Amino acid sequence: MIYNDLVEQIQSGALAPAAQLPGETDLARQYGVSRMTVRQALDLLDSDRFVVRRQGSGTFVSENVKRGRRLNRLRSFADEIASTSSEVSSRVVRAEAEKADAEVADAFGIAEGDLASHITRVRLIDGCAAALQDAWIPYAVAPSLCREPLLDGSLYRTLSERFGVQLRYADQSMTAALLTEAQAALLDVAPGGAVLEARRTTFDATGGVVELTTSWTLPQFPFLLRIDAE
């Protein structure tokens, strides 16, 4: 709750770059939680580089957060964007129930030809195409998924809040790729350009696969990851 609220304030500009956050005691009183809970939220904000902690001075909103997608935890595309001012939106290319091919069927443990929800979106940052995402979801997990708009344009929020799916973790691989003509047209760039192709398999609390997504991200919107020493 604290993390999400502070990130929203930073992204909306309510907390400006270089602004000092209240101390741990004040934040604990404000949110009605323990100082330990506050400290954990600040640790996450620091890890995601939304804030800078200065010993003896306090915690400040970062002045130079890079625009990109952070992969520290499983979350939506909008939440992955590490920017204090970028506006994230989507253009839906496809949203319909389709017959699963062999790869999708194998991932979901269903028969080839069984129905699965297929959603393809162009993700935009400040109105500019940043990534193309092609997602498959088991039909049984969210039967009406393609008949209603996604909540705030977020697939993860829709699965969680509308269908009660408890997302647990995801396996993801990334590799370099070249855009096809069809993909390039959707992203409004020249075909054959380099992109980062990511394939993600998302699991729920029971260990079942609830999403199989391939995304192609343009190089000006890099993935960002902090790696801690052991």
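# A walk through the model, starting at strand S5

Begin by selecting strand S5: ten of its eleven residues are buried, so the strand is largely enclosed by the rest of the structure. Keep in mind as you go that this is a predicted model.

**Stop 1: the neighbours of S5**

Leave S5 highlighted, which covers residues 115-125, and add strand S4, residues 88-99. S4 and S5 run antiparallel to each other, paired over eleven bridges. For one rung of this ladder, click on Ser90, whose bridge partner in S5 is Arg123.

Now bring in strand S6, residues 128-138. S5 also pairs with S6 in the antiparallel sense, here over ten bridges. To see one matched pair, select Ala116 and look across to Pro138 in S6.

While the strands are on screen, here is a general point to look for: in a regular strand, side chains alternate between the two faces of the sheet.

**Stop 2: the turn at Asp126**

Follow S5 to its end and step into the loop that leads to S6, where you will find Asp126. How many residues lie between the strands in the hairpin of S5 and S6? There are two, and in this hairpin Asp126 takes a positive phi near 55 degrees.

Is Asp126 buried, partly exposed or exposed? Its relative accessibility is 40%, and because buried means under 20% and exposed means over 50%, Asp126 counts as partly exposed.

Before moving on, add Glu87 to your selection. Glu87 and Asp126 are 39 residues apart along the chain, yet their C-alpha atoms are separated by 4.8 Å.

**Stop 3: Glu98 on S4**

Go back to S4 and pick out Glu98. Show its side chain together with that of Arg94: a polar contact of 3.3 Å joins the two. Which residues does Glu98 touch, once those up to four places away in sequence are set aside? They are Asp114, Leu115, Ala116, His118 and Trp136. You have already met Ala116, the residue opposite Pro138.

**Stop 4: helix H2 and its two sides**

Next, select helix H2, residues 24-31. Colour Glu24, Leu27, Ala28 and Tyr31, which are buried. Turn the view until you look down the axis of H2: these buried residues fall within an arc of 100 degrees, so they line one face of the helix. A general rule helps here: an α-helix has 3.6 residues a turn, so residues three or four places apart point the same way.

Now look at the face turned away from the buried side of H2, where the exposed residues Arg29 and Gln30 sit. Just after the helix comes Gly32, with a positive phi of about 70 degrees.

**Stop 5: two nonpolar cores**

As a general tendency, nonpolar side chains in soluble globular proteins are buried together. Here, the largest nonpolar core has 17 residues, and the members that touch the most others are Leu6, Leu21, Leu45 and Phe50. At least two residues come from each of helix H1 (2-12), H2 (24-31) and helix H3 (35-47). Which helix gives the most to this core? That is H1, with five residues.

Centre the view on Leu21 and show its surroundings. Beyond its neighbours within four places in sequence, Leu21 is in contact with Leu6, Leu15, Leu42, Val51, Thr59 and Val61. Apart from this core lies another, of 14 residues, including Ile125, Leu179, Val195 and Phe221.

**Stop 6: strands S7, S8 and S9**

Select strand S7 (residues 167-178) with strand S8 (residues 194-204); the two pair in the antiparallel sense over eleven bridges. Within this pair, Thr175 stands opposite Glu197 in S8.

Then add strand S9 (residues 209-217), which pairs with S8, again antiparallel, over eight bridges. Phe203 stands opposite Val209 in S9. The hairpin of S8 and S9 has four residues between its strands, and there Gly207 takes a positive phi near 90 degrees.

**Last stop: cysteines and the whole view**

Click on Cys128, which is partly exposed with a relative accessible area of 45%, and then on Cys146, also partly exposed, at 21%. The count of disulfides in this model is zero.

Finally, zoom out. The protein has seven helices and ten strands, and 42% of its 230 residues count as buried. Among contacts between residues at least 6 apart in sequence, 57% join residues at least 24 apart.

Conventions. Residues are numbered from 1 along each chain as its sequence is written. This is a predicted model: local features need pLDDT of at least 70, side-chain atom pairs count only at pLDDT 80 or more; totals for chains, interfaces and linings use all residues. Side-chain values use heavy atoms; hydrogens and water are left out. A polar contact is a pair of N or O atoms within 3.5 Å; within protein, one must be able to donate a hydrogen and the other to accept it, and residues adjacent in sequence count only if both atoms are side-chain atoms. Contact means heavy atoms within 4.5 Å. A nonpolar core is a set of buried Ala, Val, Leu, Ile, Met, Phe, Trp, Tyr and Cys residues joined through side-chain atoms within 4.5 Å. Buried means under 20% relative accessible area, exposed over 50%, partly exposed in between (1.4 Å probe, protein chains only). The arc is that of the directions from the helix axis to the C-beta atoms. Two strands pair if DSSP finds at least two bridges between them. A disulfide is a pair of cysteine sulfur atoms within 2.5 Å.
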